[in-house]
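Subject: Handover of a structure

Dear colleague,

Please find the structure below, together with its sequence. My account of what was found in it follows directly after.

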Amino acid sequence: MGRRTLVAVARPDGRYDCRSAHWGVDADPVVQSRPLGTGLTASAVLTAIDATYEQLVVLDGSVRTYTVCWLDPTLSDLDDIVLARTADPDTFRRWWVDRKDEACRALDSDGCGPGTVRRALLASLRDRASSVHCPDDASFLRGDR
């Protein structure tokens, strides 16, 4: 599947044109992605993201990258995600994959319940990321610069 990325390009009318890339993006996210949808609201952009994506890149005069973090320790609910913003998305992503693996092992071997593991994952994210956003609140797309 590659490194799936959703690229949201802000329009002057407050909506977004979305693009998708399967191998990540770097210097020019628009060129490295293909059209997915036009005129989407901020909420619709977030509805399009689930745990099969690795990142969300927002282009709105600047480039903001958010890591998609899957919180479900049972690995069954693709919609149980948050978006984490950091200064170094690649390093953060490596840390997150290691942290998530640790949490899943704790669920299996330490007898921790899924709720406990999920809360620990979310606390770890909030300690490490500069901001963490739930997908049911699209306000950060407009206000988190």
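Cys 104 counts as buried because its relative accessibility is 14%, below the 20% limit used for that class. Please note that the model is a predicted one. Cys 134, by contrast, has a relative accessible area of 32%, and is therefore classed as partly exposed. Cys 134 takes part in no disulfide, and the cysteine sulfur nearest to it, that of Cys 69, lies 11 Å away. A disulfide would require the two sulfur atoms to be within 2.5 Å, so this pair does not qualify. The count for the structure is zero disulfides. In general, a disulfide is a covalent bond that connects the sulfur atoms of two cysteines.

Salt bridges

How many salt bridges does a search of the whole structure find? The search returns five. Three of them are described here in turn.

The side chains of Asp 60 and Arg 64 form one such bridge, with an N to O distance of 2.5 Å. Arg 64 is buried, since its relative accessibility is 1%.

Asp 80 is bridged to Arg 118, and their closest N and O atoms are 2.8 Å apart. This pair links distant parts of the chain: Asp 80 sits in the loop between β5 (63–70) and β6 (81–85), whereas Arg 118 belongs to helix α3 (residues 114–128), and the two are 38 residues apart. The two partners fall into separate accessibility classes: Asp 80 is buried, with a relative accessible area of 12%, while Arg 118 is partly exposed at 29% relative accessibility.

A network of salt bridges with shared partners joins Arg 11, Asp 13 and Asp 17. Within it, Asp 13 and Arg 11 form a salt bridge whose closest N and O atoms are 2.7 Å apart. Are these two residues buried or partly exposed? Asp 13 is partly exposed, at 48% relative accessibility, and Arg 11 is likewise partly exposed, at 28%.

Overall fold and dimensions

The chain contains four helices and seven strands. Read from the N terminus, the order of these elements is β-β-β-α-β-β-β-α-α-β-α.

The radius of gyration of the chain is 15 Å; a compact globule of 145 residues would have a value near 15 Å, so the two agree. The C-alpha trace spans about 50 × 25 × 25 Å along its principal axes.

Of the 145 residues in the chain, 46% are buried. The accessible surface comes to about 7,400 Å², and carbon and sulfur atoms account for 50% of that area. Among contacts in the chain with a separation of 6 or more, 53% are between residues 24 or more positions apart.

Strand β3

Two leucines of this strand were examined individually. Leu 36 is located in strand β3 (residues 34–40). With a relative accessible area of 43%, Leu 36 is partly exposed. Which residues does Leu 36 touch, not counting those up to four places away in sequence? On that basis, Leu 36 touches Leu 6, Cys 18, Arg 19, Ser 20 and Tyr 53. The C-alpha atom of Leu 36 is separated by 31 Å from that of Asp 101, a residue 65 residues apart from Leu 36 along the chain.

Leu 40 also lies in strand β3. Not counting residues up to four places away in sequence, Leu 40 touches Arg 15, Tyr 16, Cys 18 and Val 45. Cys 18 thus appears in the contact lists of both Leu 36 and Leu 40. Leu 40 and Asp 137 are 97 residues apart along the chain, and their C-alpha atoms are separated by 15 Å.

Strand β7

Ser 131 lies in strand β7 (residues 131–133). Because its relative accessibility is 13%, Ser 131 counts as buried. The side chains of Ser 131 and His 133 are joined by a polar contact of 3.0 Å.

With kind regards

Technical notes: Residues are numbered from 1 along each chain as its sequence is written. This is a predicted model: local features need pLDDT of at least 70, side-chain atom pairs count only at pLDDT 80 or more; totals for chains, interfaces and linings use all residues. Side-chain values use heavy atoms; hydrogens and water are left out. A salt bridge is a side-chain nitrogen of Lys or Arg within 4 Å of a carboxyl oxygen of Asp or Glu. Buried means under 20% relative accessible area, exposed over 50%, partly exposed in between (1.4 Å probe, protein chains only). The radius of gyration is taken over C-alpha atoms; the globule rule is 2.2 Å times the number of residues to the power 0.38. Contact means heavy atoms within 4.5 Å. Accessible areas come from the Shrake-Rupley method with a 1.4 Å probe; for residues, only the protein chains shown count as cover. A polar contact is a pair of N or O atoms within 3.5 Å; within protein, one must be able to donate a hydrogen and the other to accept it, and residues adjacent in sequence count only if both atoms are side-chain atoms.
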